[in-house]
Amino acid sequence: MNLYSSTAWQQRAWSWLQMGVDPALSGAVRRRQYVTNAVPVLVLTMVLFYSLLFAWLGNAVLATLSLKMTAIPLLGMAWFYWLQRRGHPPHYWKACLICQATVLAGILGGQGTQIGGHHYFLFFFLTTPLVVPTHDKRGMAIVCLICIGWFCLFEWFTWPSSAAVQALGPATIKLLYLNVLLSGTLVLFIALLAGDHFSEALERRIQQMASSDELTGLANRRVFYQTLTQWQTVSGPLQRPFCVALLDIDHFKHINDTYGHEAGDQVLRSLAVRLQQGVGPADLVCRIGGEEFAILLADCTLTQAYAACDTLRQSIAATPLAAGDVGLTVTVSLGLGQWQALQREADFLAGVDRALYAAKHAGRNTVRVHPAPPSPEPA
């Protein structure tokens, strides 16, 4: 992997943000944990920005002071990483401590209140709901009071700036004061944007979990019925035929009883991969329960679907499926039917299911169609 590619860095950043986050918690709580993990990096970026700004203004004293201040968010990142590796996401008060300690170091270390660094505490006050759980009323009140308290303290009792700051001209002081407001606004904007981004990411994750089978990664029963309904809607007006195949692994209980359920799960995963590789890009493979799968075959007649399913059946029987250190020869039985307009969905699926059972009663490892072909007339 190229560590310098944007995708690689995005993956590394996302890995950092989600380390230690408990997936069993609610989406809102996990979002706050993500934002909390991002706080040290955000503070470090802010301090480095000021170091570059002071260096550009030609003030080596303040540029050096800002570089020294990077030790606080860097130690915070190391602290968070240690907590994350232990599986414990950092608590919100740790993130607040890093923010406040960094600003206090800048104010007390030389910037004083002349350039308005204490206004950052107002931004911390505004971002409190992003990291403090709303149900923790006491914690939220304490954090807000601390932020307002620090701001009022430095607003009413000014802290003198160092000689290096006092030597700056009024125009430069005004520029620095403006940068405090602008960078603080940017911090607030990024925090809000991050919270919204993580909320959307969690929502997509929930939707994915609701629509996919956890074991195989295939679409689940819910998606099968939704897609079947959609295809029925467009099939008649657009005259696009489609077929449905129900597939069942033969003697799957014997595999579980003989090799164990872990081997059975591996067979299901391997078969899922084989099924996806054996169908077209417009087709849909779903796991609808246990060892039973469904395949929606787009834009094909019953004759075409039968040929595709029989080829898939032979391919599965000819190539062992991975189950731990061994390869198991597995066969499947299929019931197949073509959707016809003006028929009830339940009757259609029941007919395809009967075709599946006919395939099993015929000795398994075969394909049967619905409706069944008429029996030949006796001679």
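Helix H3 (residues 60-69) packs against helix H5 (residues 92-111) at an angle of about 150°, and their axes lie 10 Å apart. Angles over 145 degrees count as roughly antiparallel, and H3 and H5 are therefore roughly antiparallel to each other. The model is predicted. Beyond this helix pair, the briefing covers a second contact of H3 and an open sheet of five strands.

**Contact of H3 with H5**

- The crossing in which H3 passes H5 is right-handed.
- H3 contributes Leu-62, Leu-65, Ser-66 and Met-69 to the contact, while H5 contributes Thr-102, Ala-105, Gly-106, Gly-109, Gly-110 and Gln-111.
- Classified by type, the residues in the contact of H3 with H5 are four nonpolar and six polar, with no charged residues.

**Contact of H3 with H4**

- H3 also packs with helix H4 (residues 71-85), at an angle of about 15° and with the axes 5 Å apart.
- Angles under 35 degrees count as roughly parallel, and H3 and H4 are therefore roughly parallel to each other.
- Leu-67, Lys-68 and Met-69 of H3 meet Ala-71, Ile-72 and Pro-73 of H4 in this contact.
- The contact of H3 with H4 comprises five nonpolar residues, no polar residues and one charged residue.

**The five-stranded sheet**

- The sheet is open, its five strands follow the order S2-S3-S1-S6-S7, and the pairing is mixed.
- Strand S2 (284-289) and S7 occupy the edges with a single partner strand each, so one side of each has no neighbour in the sheet.
- On average, neighbouring strands of this sheet are turned by 20° against each other, direction ignored.

**Strand pairing**

- S2 pairs with strand S3 (residues 292-298) in the antiparallel sense, over five bridges.
- Cys-286 has Ala-294 in S3 as its bridge partner.
- Strand S6 (residues 332-338) pairs with strand S7 (residues 367-370) in the parallel sense, over four bridges.
- Val-367 in S7 stands opposite Leu-334.

**Helices associated with the sheet**

- S6, helix H15 (residues 345-361) and S7 together make a β-α-β unit, which is left-handed.
- Helix H14 (residues 302-318) packs on the sheet and touches strand S1 (242-249), S3, S6 and S7.
- The direction of H14 makes about 170° with that of S6.
- H15 likewise packs on the sheet, where H15 touches S1, S3, S6 and S7.
- The direction of H15 makes about 145° with that of S6.

How values were computed: Residues numbered from 1 in each chain as written. Predicted model: local features only at pLDDT ≥ 70, side-chain atom pairs only at ≥ 80, totals over all residues. Heavy atoms only, no water. Pairing = 2+ DSSP bridges. Helix = DSSP H or I, 4+ residues; strand = E, 2+ residues; numbered from the N terminus. Right-handed = clockwise from strand over helix to strand, strands pointing away. Axes fitted to C-alpha atoms, helices over the stretch in contact; angles between N-to-C directions. Parallel < 35°, antiparallel > 145°, perpendicular 65-115°, else oblique. Left-handed = near helix turned anticlockwise from the far one by under 90°. Contact = heavy atoms within 4.5 Å. Nonpolar A, V, L, I, M, F, W, Y, C, P; charged D, E, K, R; others polar.
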